[in-house]
Amino acid sequence: MKATFIIITLLSFGNLFSQDLKCLNSELYNSDIDVVQIKNDSDSENIISKSELESDLLLLVVMPNSHLEFPKWTSHKRNGIDNGFKVILINNSSNDLNLFNMDGKIIMKRQVYIENEWKNVESYDRTPQPICGNSFFTKKVIKSGDHFTFIAPCVEGNIKAKFRFVIFTKPVNEQSPVFSNEFDGFINKKLIE
């Protein structure tokens, strides 16, 4: 009986450790490919609380304890990061909304609250932004009542901080930001200098 209890306990702890995410090395962090959009996940709507779904807004919800596997074609997977946490964009408004995007990819920025202000998390190598105007001619629309599911990696670091994501429904010069809920994580100082 005692041996059975010990085996069950060890298996339980093994499951706890296996659910931890392996975090992305901060030197590999690229703010342009931070989140990866995947096909809509049918479980996403069931996980979000009813109170959030009742609002008539565009919602960005981070679910740090809900993990998904990165598709094998992503750079995260090639860098040894198998899983990330779920980020869901929900359009509860009665309108279809155009989202600010580049090359058909929704622009979503990770922000960190540090030194009493929100700052964008930058790429380690300060990857230059594209200068080709054709990158912005594509449209990305989220229809009324629809949702998009994304996966984001946790990032290695030695500074504990609060994070959030932000997207824009119009070009940056006419900013209409939508902020996610806050979540805890770690960051390397080089990503915020």
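## Charges over rings

The charged end of Lys140 sits over the ring of Phe148, 5.8 Å from its centre. "Over" here means that NZ of Lys or CZ of Arg is within 6 Å of the ring centre and within 35 degrees of the ring normal. Arg164 does something similar with Trp118, lying over its face at 4.1 Å from the ring centre.

A quick note on provenance: this is a predicted model, where local features need pLDDT of at least 70 and side-chain atom pairs count only at pLDDT 80 or more, while totals for chains, interfaces and linings use all residues. Residues are numbered from 1 along each chain as its sequence is written, and side-chain values use heavy atoms, with hydrogens and water left out.

## Overall make-up

The protein has four helices and 13 strands, taken as DSSP runs numbered from the N terminus (helices H or I, at least four residues; strands E, at least two). Of its 193 residues, 40% are buried, meaning under 20% relative accessible area with a 1.4 Å probe, protein chains only (exposed is over 50%, partly exposed in between). Among contacts (heavy atoms within 4.5 Å) with a separation of 6 or more, 78% come from residues 24 or more positions apart.

## The four-stranded sheet

Which strands make up the open sheet, and in what order? The order is β1-β10-β3-β2, with antiparallel pairing; two strands pair if DSSP finds at least two bridges between them. The edges are β1 (36-38) and β2 (58-69), each pairing on one side only. On average, neighbouring strands of this sheet are turned by 30 degrees against each other, direction ignored, using axes fitted to C-alpha atoms (for helices over the stretch in contact) and angles from 0 to 180 degrees between N-to-C directions.

Between β1 and β10 (residues 147-152) there are three bridges. One pairing to look for is Ile38 with Thr149 in β10.

## β11 and its partners

Strand β11 is largely enclosed by the rest of the structure, because seven of its ten residues are buried. It runs antiparallel to β7, with six bridges joining the two, and Lys109 has Val166 of β11 as its bridge partner. Five bridges join β11 to β13, also antiparallel; here Lys160 is matched with Phe186 in β13. Another antiparallel partner is β12 (residues 177-179), joined to β11 by three bridges, with Phe168 facing Pro177 as bridge partner.

## Aromatic cluster

There are five aromatic pairs in the structure. Rings of Phe, Tyr and Trp (its six-membered ring) pair if their centres lie within 6.5 Å; planes under 30 degrees apart count as stacked, over 60 as edge-to-face and the rest as tilted. Phe85 and Phe165 have ring centres 6.5 Å apart and planes at 50 degrees, so that pair is tilted. Phe85 is in β3 (residues 83-91) and Phe165 in β11 (residues 159-168), so the pair ties together parts 80 residues apart in sequence.

Phe165 also stacks with Phe183, at 5.7 Å centre to centre and 20 degrees between the planes. Phe183 belongs to β13 (residues 183-187), 18 residues from Phe165. Phe85, Phe163, Phe165 and Phe183 form one aromatic cluster. As for burial, Phe85 comes in at 4% relative accessibility and Phe165 at 0%.

## Nonpolar core

The largest nonpolar core has 37 residues, with Val87, Leu89, Phe165 and Ile167 making the most contacts inside it. Such a core is a set of buried Ala, Val, Leu, Ile, Met, Phe, Trp, Tyr and Cys residues joined through side-chain atoms within 4.5 Å. At least two residues each come from β1, β2, β3, β7 (108-114), β10, β11 and β13. Not counting residues up to four places away in sequence, Val87 touches residues including Leu60, Met108, Phe148 and Phe165.
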